[in-house]
Amino acid sequence: MPSFPPRRAESETGDPLLLTPGPLTTSKTVKQAMVHDWGSRDAAFLKINKDVLTRLPEIIHGEGRYVTVPMQGSGTFAVEAMLTSLVPVDGKVLVLINGAYGHRAKRILDIARRDAITYETPEDTPPDPQRLDEIMKADPAITHVFVVHCETTSGIRNPIEAVADVVARNGKRLLIDAMSAFGALPLDSRTTAFDAVAASSNKCIEGVPGLGFVLVKQDVIAGAKGNATTLVLDLYDQWQGFQRTGQFRFTPPIHVIVAFHQALEEFWAEGGVAGRGGRYADNCRILIEGMQELGFSTLLPDHLQAPIIITFHMPADPAFDFQRFYDGLSDRGFLIYPGKLTVADSFRIGCIGRLYPKDMHSALAAVREVLTELGVSMPLRSAA
Ligand SMILES: *Cc1c(COP(=O)(O)O)cnc(C)c1O
């Protein structure tokens, strides 16, 4: 044990830095936006909300063609609302799975009693567009395909454009869970065909948790009446509510929305997807290079790695104990994330949120310190 407490990194508000897949470290100004009260039917709040809804489609270059339907709750509420409101009773979904979020979508469809089949690849393997083509050709009953943009389980970047192309060529509809990628990885609706994409307030836009949203094509939402399996998650009804009154049907997470509005201002000021994605790419590169120098290895090759969250193999050195490693980093102000993989023993470090290259360098210095404290010899070897 060191005789003095280690130096502790902190956010703009003195909190530990969250190197996780979300909720994330947010700016002080985003949090400060919440220190007021608003009436949910009051013009001041309704204007802020409308601004959020109107501007979100710009992120996918979908102005005028896509509408934003927000959904109270975490990201999964938006995914469930999208799947259950846009897939009709007689629809059939092909779910692409290479991690926990693909499995979750299948579960949502099963519970909603929607016909669904899966095309599963290992967590470190993207779906093959050729194979996807064959599956769709062999089963004409398929109406929709579901894909996760960045599968946060591993951090893999799925080939969204290639998937969209083959889905469109087969005349099927694509639904995307872009939760952890939205705002950082480009998704251009002018060149990539999809019916809807779900995301949330608390990932790459750097807001606080509590709001999901679905960007959905105007004609698709207009045709979605009567599909829903629940009242609260009915995207069509929610959209109709805004059309009629400009208001949420049920209590909105007002503070979350006001903070999200501020987070979007900061997102545009940083240069939108290019700026935000660029910072995360820098963070990701610094982190991977630094960890590799210490002897850690990544699950994914660079070309499959999204600049969102990185999966590292657990080191083989018996002196490496994950809980002690985690605690040592936590003492130094960095919260990392356990692994969620079935293919390898691993842990994860996120590089999204209000984090800058300097924070990645400090995190690496902390990793080195903790490894020294644990008596792990460097450079280390991976168990894989
Ligand atoms: C974070 C995330 C979700 C939503 O998770 P919640 O815990 O409900 O916010 C869904 N899909 C992916 C790919 C995610 O990363």
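The paragraphs below go through this predicted model from the whole chain down to single residues.

The chain is built from twelve helices and 14 strands. The radius of gyration of the chain is 21 Å, and the globule rule gives 21 Å for 384 residues, so the chain is as compact as a globular protein of that length. Taken along the principal axes, the box that the C-alpha atoms fill has sides of roughly 65 × 55 × 35 Å. Of the 384 residues, 57% count as buried, and the accessible surface of the chain comes to about 15,600 Å², with 52% of that surface belonging to carbon and sulfur atoms. Among the contacts in the chain with a separation of 6 or more, 73% are made by residues that stand 24 or more positions apart. As for charge, the chain carries 38 positive and 44 negative side chains, and the centres of these two sets lie 4 Å apart.

A helix with several buried residues is a good place to begin a closer look. Helix 6 runs over residues 160-169, and its buried residues are Ile-160, Val-163, Ala-164, Val-166 and Val-167. An α-helix has 3.6 residues a turn, so residues three or four places apart point the same way. What, then, covers the buried residues of helix 6? The cover includes strand 3 (92-97), helix 5 (129-138), strand 5 (144-148) and strand 8 (173-177). Just after helix 6, Gly-171 takes a positive phi of about 70°.

Strand 8, which is part of that cover, also contains Arg-173. With a relative accessible area of 40%, Arg-173 is partly exposed. If residues up to four places away in sequence are not counted, Arg-173 touches Thr-143, His-144, Val-145, Val-167, Asp-195 and Val-220, and of these Val-167 has already appeared as a buried residue of helix 6. Arg-173 and Leu-86 are 87 residues apart in sequence, while their C-alpha atoms are 10.0 Å apart in space.

The aromatic rings offer another way of seeing how parts of the chain meet. There are 17 aromatic pairs in the structure. In one of them, the ring centres of Phe-296 and Phe-347 are 5.7 Å apart and the planes stand at 85°; an angle over 60 degrees counts as edge-to-face, so this pair is edge-to-face. Phe-296 lies in the loop between helix 10 (272-294) and strand 11 (309-313), whereas Phe-347 belongs to strand 14 (residues 346-350), so the pair ties together parts that are 51 residues apart in sequence. Both Phe-296 and Phe-347 are buried.

Phe-322 and Tyr-326 form a tilted aromatic pair, with 6.3 Å from centre to centre and 50° between the planes. Here both residues lie in helix 11 (residues 322-331), four residues apart, which is about one turn of the helix. Are these two residues buried or partly exposed? Phe-322 has a relative accessible area of 18% and is buried, whereas Tyr-326, with 24%, is partly exposed; the cut-off that divides them is 20%, since buried means under that value. The residues of both pairs belong to one aromatic cluster, which is formed by Phe-296, Phe-312, Phe-320, Phe-322, Phe-325, Tyr-326 and Phe-347.

Finally, a few details of the backbone deserve attention. The peptide bond from Gly-22 to Pro-23 is cis, with omega near 0°, and Pro-23 is found in the loop between strand 1 (17-18) and helix 1 (28-32). Another cis peptide bond leads from Met-378 to Pro-379, with omega near -5°, and Pro-379 has its place in the segment after helix 12 (357-374).

Where does His-61, a residue with a positive phi of about 55° although it is not a glycine, sit in the chain? His-61 is found in the loop between helix 2 (43-55) and strand 2 (66-72), and with a relative accessible area of 33% His-61 is partly exposed. Arg-113 is likewise a residue other than glycine with a positive phi, near 55°, and Arg-113 is placed in the loop between helix 4 (100-111) and strand 4 (115-120). The relative accessible area of Arg-113 is 74%, and Arg-113 is therefore exposed.

Conventions
Residues numbered from 1 in each chain as written. Predicted model: local features only at pLDDT ≥ 70, side-chain atom pairs only at ≥ 80, totals over all residues. Heavy atoms only, no water. Helix = DSSP H or I, 4+ residues; strand = E, 2+ residues; numbered from the N terminus. Rg over C-alpha atoms; globule rule 2.2 N^0.38 Å. Buried < 20%, exposed > 50% of the residue type's maximum accessible area, 1.4 Å probe, protein only. Contact = heavy atoms within 4.5 Å. Areas by Shrake-Rupley, 256 points an atom, 1.4 Å probe, with all protein chains shown as cover. Lys, Arg positive; Asp, Glu negative; His and termini not counted. Charge placed at Lys NZ, Arg CZ, Asp CG, Glu CD. Phe/Tyr/Trp six-rings, centres within 6.5 Å; stacked < 30°, edge-to-face > 60°.
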